[in-house]
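This report describes the nonpolar packing, the cysteines and the surface of a single predicted model. The sequence and structure are shown first.

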Amino acid sequence: MVARKLKTAVIGLKEHCLLLLEAANASEYYEIAAAADKDTHLAEKTGKEFGCSAYDDFRQLIIQNDLDCLLVGAGLH
C-alpha cells in the first residue's frame with residue numbers, strides 16, 4: 001500500500017516521453033500534476049488527457065507546482 005503518491009510533472013512531450021508519462025500514470029506511485037511543451041496545442045491536449053495542468057513554458061511549470069518528481073523528455077542542449 002502506498003502512503004502517498006509522488007506529485008509528478010513532465011517536460012517535453014515527444015513520443016518517448018509520452019510513454020514514460022503513460023507508465024507513470026498507470027502506476028499507483030505517481031500523481032500527474034502538470035505537463036509542459038513548447039507546442040501549446042500538444043501541452044493542452046496532454047493536460048486534458050491526463051487531467052493535469054498544461055504549460056508552454058517549463059519554468060512556469062516548475063515555479064507554480066510543488067513537485068516530488070520531474071520527468072524530462074526534452075532534448076539535451
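With a relative accessibility of 13%, C52 counts as buried, because residues under 20% relative accessible area fall in that class. The residue belongs to the largest nonpolar core of this predicted model.

That core has twelve residues: V10, L13, C17, L21, A24, I32, A35, A43, F50, C52, C69 and L71. At least two of its residues come from each of α1 (15–26), β2 (30–36), α2 (40–50) and β4 (69–72). The most is given by α1, which supplies three residues. F50, a member of the core, touches L21, E22, N25 and I32, when residues up to four places away in sequence are not counted. Another core, of six residues, lies apart from this one, and A9, A34, A36 and Y55 are among its members.

The largest core includes the cysteines C17, C52 and C69, which raises the matter of disulfides. A disulfide is a covalent bond between the sulfur atoms of two cysteines. How many disulfides does the model contain? The count comes to zero. The table gives the closest cysteine sulfur for C52 and for C69.

| Cysteine | Closest cysteine sulfur | Sulfur–sulfur distance |
|---|---|---|
| C52 | in C17 | 12 Å |
| C69 | in C17 | 11 Å |

For C52, the sulfur of C17 is too far for a bond, because the separation is 12 Å and a disulfide requires cysteine sulfur atoms within 2.5 Å. The sulfur of C69 is likewise too far from that of C17 for a bond, at 11 Å.

Attention now turns to the surface. F58, I62, L70 and V72 make a nonpolar surface patch of about 340 Å². Two or more residues of this patch are given by each of the elements α3 (58–64) and β4. The strand β4 also supplies at least two residues of the largest core. Within the patch, F58 has its place in helix α3. Is F58 buried or exposed? F58 is partly exposed, because its relative accessible area is 42%, a value between the limits of 20% for buried and 50% for exposed.

The segment before β1 (6–11) contains A3. This residue counts as exposed, because its relative accessibility is 85%, and the limit for that class is over 50%. A3 and T40 are 37 residues apart along the chain, and their C-alpha atoms are separated by 34 Å.

Definitions and conventions:
Residues are numbered from 1 along each chain as its sequence is written. This is a predicted model: local features need pLDDT of at least 70, side-chain atom pairs count only at pLDDT 80 or more; totals for chains, interfaces and linings use all residues. Side-chain values use heavy atoms; hydrogens and water are left out. A nonpolar core is a set of buried Ala, Val, Leu, Ile, Met, Phe, Trp, Tyr and Cys residues joined through side-chain atoms within 4.5 Å. Buried means under 20% relative accessible area, exposed over 50%, partly exposed in between (1.4 Å probe, protein chains only). Helices (H or I, at least four residues) and strands (E, at least two) are DSSP runs, numbered from the N terminus. Contact means heavy atoms within 4.5 Å. Patches are made of residues with over 30% relative accessible area and no salt bridge: like charges are joined within 9 Å, nonpolar side chains (Val, Leu, Ile, Met, Phe, Trp, Tyr) within 5 Å. Accessible areas come from the Shrake-Rupley method with a 1.4 Å probe; for residues, only the protein chains shown count as cover. A salt bridge is a side-chain nitrogen of Lys or Arg within 4 Å of a carboxyl oxygen of Asp or Glu.
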